[in-house]
Amino acid sequence: MIYDVVIKNTEILDKNDGETYQIGIRNGRIAYIGKDPVIGKETIDGSHHLAVSGFVNAHTHVAMTLFRSYADDMALMDWLQNRIWPMEDNLTNDAVYWGSLLGIAEMIRTGTTCFADMYFFMDATARAAAESGIRAVLSRGITGPSLEEGRSRIAENTELFRNWNGHEEGRITVMYGPHAPYTCSPELLKAIAEEAGREGAEIHMHLSETAGEVKNCQNQFGKTPIALACDTGLMERGLLAAHCVYVNEEDLALMAKNHVRVAHNPQSNLKLASGVAPVSSMLEKGLVVGLGTDGASSNNNLDMLEEIRLAAMLAKVKTGNPKTVPAKEAVAMGTIQGAQALGLPRMGAIREGWKADLALYDMQEPHWFPRNDRYSLLAYAADSHDVDTVLVDGRILFRNREFTTLDIEKVCFEASRCAEKLKNH
Ligand SMILES: [Zn+2]
């Protein structure tokens, strides 16, 4: 058997045993893991490296890299209403395309192989994902105080779904993206749930991000955002809920009953002073919890290793228990639980028959010694710039710290040009 790609003599995080293995990849899948010598059309030397399943960024707005370092240290509503939304009014296809490529480059470079996005001009993000080779789950961010205002945006999401869902051999999938309970009327949420049902699509939405959002929702509609999402039919479609910082016991029960998957965004929640999500309670209830960076202007990077580390540490502070969310569980949230949160099967671990989405970490830096436990090393000591090789669907996107599908100098130049133009609009 000749494999498409062979990774030789690499350690594998999932084994965590200090042994080295050969990985054979064929047709985008991990076809062989073992000790026997194997032959590939292409060979990567994995000596002194740790193979880790690619990180899954379960919630972001990738083109918001355009607003990085533009508006910091503000409260969510002030930040949105006075800085971000006016800039977003000026967005163009061109800007979103280059902003998406910039974010995608940053993600590939830091070992992320898949992201879930919600934004505008999503055709541009889809093109960027298709060209770069990264895996993506895309949704059109739908807002509208009235149903009329929201209808054209629902239609755009449907167009996105029909044009892109399952494309690039399944590498790109599409969800519907109602923005939040404070930007969508209940009638609009119902209409989105119905349309998603007709198309057979799932939902990606911000829910219960701040205490103020929950209070306003209760005052206005007499229920929590989670209950509102349930009552408008969104949970019946399969719901990826970003944030869920303020959820009570009834909310958690409702989420568990309806198999809601959570995208926990620790760094964004800290920077906007939104709070700390009760992740250990969610995990105790059996909820799937993935990790996200949120947009680059409330983070301000797309580095999933930082989210893994923060998720582990914040859960400990929140509960006062250092045993909460141990290293292995935090890594699972950044990988296999993220894949489950996005509804993507056979992804998020290095196993035979699973998708060949993985990163190689160079373990020769001092912070990788001594090597008692590789989950601990990755979660608490590694640097995302230890990543020197990244594959998605068995295709090499980053090798010896060089991009194979992107002209990174051009991407940085064009994204900066677009950001400058938006500011001076
Ligand atoms: Zn968000």
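Begin by selecting helix α2 (residues 93–109) together with helix α16 (residues 408–423), whose axes come within 8 Å and cross at roughly 135°. The model in front of you is predicted, and every value in this tour is computed from it. At that angle α2 and α16 are oblique to each other, and α2 passes α16 in a left-handed crossing.

Now show the side chains where the two helices meet. On the α2 side, select D94, A95, W98, G99, L101, L102 and A105, and on the α16 side select I408, V411, C412, E414, A415, C418 and L422, which are their partners in the contact. Sorted by class, this contact of α2 with α16 holds 11 nonpolar residues, 1 polar residue and 2 charged residues.

Next, zoom out to the whole chain, where you can trace 16 helices and 18 strands. Along its principal axes the C-alpha trace spans about 65 × 45 × 40 Å. The radius of gyration is 21 Å, which agrees with the value near 22 Å for a compact globule of 425 residues. If you colour the residues by burial, 54% of the 425 will appear as buried. Of the contacts in the chain with a separation of 6 or more, 73% are accounted for by residues 24 or more positions apart.

The remaining stops concern the backbone. Most residues other than glycine have a negative phi, and most peptide bonds are trans; the places below depart from that pattern.

Select N299 and N300 and look at the peptide bond from N299 to N300, which is cis, with omega near 10°. N300 belongs to the loop between β14 (289–291) and α12 (304–319). Then move to F369 and P370, where the peptide bond from F369 to P370 is also cis, here with omega near -15°. P370 sits in the loop that lies between β15 (358–362) and α15 (374–381).

For the positive phi angles, select H48 in the loop between β4 (39–45) and β5 (49–53). H48 is not a glycine, yet its phi is about 65°. H48 counts as partly exposed because it has 15 C-beta neighbours inside 10 Å, a number between the limits of 12 or fewer for exposed and 20 or more for buried.

Finish at S69, which is found in the loop between β6 (55–60) and α1 (76–88). Phi of S69 is near 65°, again a positive value in a residue other than glycine. With 9 other C-beta atoms within 10 Å, S69 is therefore exposed.

Conventions:
Residues numbered from 1 in each chain as written. Predicted model: local features only at pLDDT ≥ 70, side-chain atom pairs only at ≥ 80, totals over all residues. Axes fitted to C-alpha atoms, helices over the stretch in contact; angles between N-to-C directions. Helix = DSSP H or I, 4+ residues; strand = E, 2+ residues; numbered from the N terminus. Parallel < 35°, antiparallel > 145°, perpendicular 65-115°, else oblique. Left-handed = near helix turned anticlockwise from the far one by under 90°. Contact = placed C-beta atoms within 7 Å. Nonpolar A, V, L, I, M, F, W, Y, C, P; charged D, E, K, R; others polar. Rg over C-alpha atoms; globule rule 2.2 N^0.38 Å.
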